[in-house]
Amino acid sequence: MTAAPSNRRVFLIGFMGAGKTSVGKALAQRLNWEFRDLDRVIEAREHKTVAQIFADSGETGFRKAECAALEDLLANSARGKWIIALGGGAFVQPRNRTALQQSGAITVLLEAPLHELKRRVSADGIARPLAQDEAKFAELFESRRAAYAAAQFRIETTGKRVDEVAAEIRELLSAVERPEVKQ
Ligand code: S3P
């Protein structure tokens with residue numbers, strides 16, 4: 001019998017409105033693991049909101065801050081058990097994707113169709129600089145498919161409650177721990 005690993009990191013990936021933060025919080029609570037949201041880590045490091053970073057430094061400045069925050073987060077989560085929600089663009093940056101793949105973390109893509117993501121984003125009231133323009137939102141959604149496909153696992157979230165999606169990920173994690181399905 002193999003001992004359960006002492007470090008586990010599960011990164012939730014997906015487009016804006018996929019439910020990464022709400023599912024991540026619910027999952028971490030169920031498992032009694034730590035939870036971090038990369039956007040909140042960025043805001044704490046920069047002393048600015050995501051919207052302010054975009055306004056002051058553009059998307060390029062935001063991506064730099066995002067990359068640095070992810071590096072820090074990876075270094076600081078090498079012990080213990082963590083659920084980490086990424087912003088929608090973080091996994092799209094090749095450097096971040098490589099860092100995550102090399103870290104041995106588990107990556108789970110939360111999926112929903114474009115119309116559902118649009119509905120959730122307009123309902124949750126969060127200021128998202130890249131969700132202001134409908135055509136750009138749709139274009140981004142298409143352009144990110146290939147990068148998101150590199151996630152190890154994917155879960156469809158349409159029509160499911162937050163706790164149902166969290167329960168599905170929990171099942172998946174216990175399956176990953178079982179030796180016969182170990183990757
Ligand atoms: C972004 C998504 C946002 C946030 C930033 C950029 C993106 O996070 O990181 O506004 O590029 O998709 P959420 O996916 O949590 O909305």
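User: Which residues lie nearest the centre of the largest pocket, and how many residues line the largest pocket?

Analyst: In this predicted model, the largest pocket has a lining of 38 residues, and those nearest its centre are M16, G17, K20, D124 and R128. The elements that contribute two or more residues to this lining are α1 (20-31), α2 (38-46), α3, α5 (114-124) and α7 (162-177).

User: Which element gives the largest share of the lining of the largest pocket?

Analyst: The largest share comes from α3, with five residues.

User: How should the chemical character and the volume of the largest pocket be described?

Analyst: A lining may be read by residue class. In the largest pocket, 15 lining residues are nonpolar, nine are polar and 14 are charged. The volume of the largest pocket is about 720 Å³.

User: Where does the ligand sit?

Analyst: The ligand occupies the largest pocket. A residue belongs to the surroundings of the ligand if one of its heavy atoms lies within 4 Å of the ligand. Here 13 residues surround the ligand, and K20, D39, R63, R128 and R144 come nearest. Two of these names recur from the pocket description: K20 and R128 are among the residues nearest the centre of the largest pocket.

User: Which helix supplies the largest share of the shell around the ligand, and how does the shell divide by class?

Analyst: Helix α3 (residues 50-76) supplies the largest share, three residues. By class, the shell comprises five nonpolar, three polar and five charged residues.

User: What polar contacts are found between the ligand and D39, R63 and G89?

Analyst: A polar contact is a pair of N or O atoms within 3.5 Å. An N or O atom in the side chain of R63 is 2.6 Å from a ligand oxygen atom. For D39, a polar side-chain atom lies 2.8 Å from an oxygen atom of the ligand. In the case of G89, a polar backbone atom is 3.3 Å from a ligand oxygen atom.

User: How much of the area that the ligand exposes when taken alone does the protein bury?

Analyst: Taken alone, the ligand exposes 390 Å², of which the protein buries 95%.

User: What can be said of the second largest pocket?

Analyst: The second largest pocket has a volume of about 200 Å³. Its lining consists of 14 residues, with L109, E111, F141, R145 and Y148 nearest the centre. At least two lining residues come from each of β4 (106-111) and α6 (134-148). By class, the lining of the second largest pocket has 10 nonpolar residues, one polar and three charged.

Key. Residues are numbered from 1 along each chain as its sequence is written. This is a predicted model: local features need pLDDT of at least 70, side-chain atom pairs count only at pLDDT 80 or more; totals for chains, interfaces and linings use all residues. Side-chain values use heavy atoms; hydrogens and water are left out. A polar contact is a pair of N or O atoms within 3.5 Å; within protein, one must be able to donate a hydrogen and the other to accept it, and residues adjacent in sequence count only if both atoms are side-chain atoms. Accessible areas come from the Shrake-Rupley method with a 1.4 Å probe; for residues, only the protein chains shown count as cover. On a 1 Å grid over the protein atoms alone, a cavity is a set of points where a 1.4 Å probe fits but cannot get out, and a pocket is an open set with protein on both sides within 12 Å along at least five of seven lines; lining residues have an atom within 4 Å of a point. A molecule sits in a cavity or pocket if more than half of its atoms lie within 2 Å of its grid points. Helices (H or I, at least four residues) and strands (E, at least two) are DSSP runs, numbered from the N terminus. Ala, Val, Leu, Ile, Met, Phe, Trp, Tyr, Cys and Pro count as nonpolar, Asp, Glu, Lys and Arg as charged, and the others, Gly among them, as polar. Grid points are joined across faces, edges and corners, and a volume is the space filled by probe spheres set on the points.
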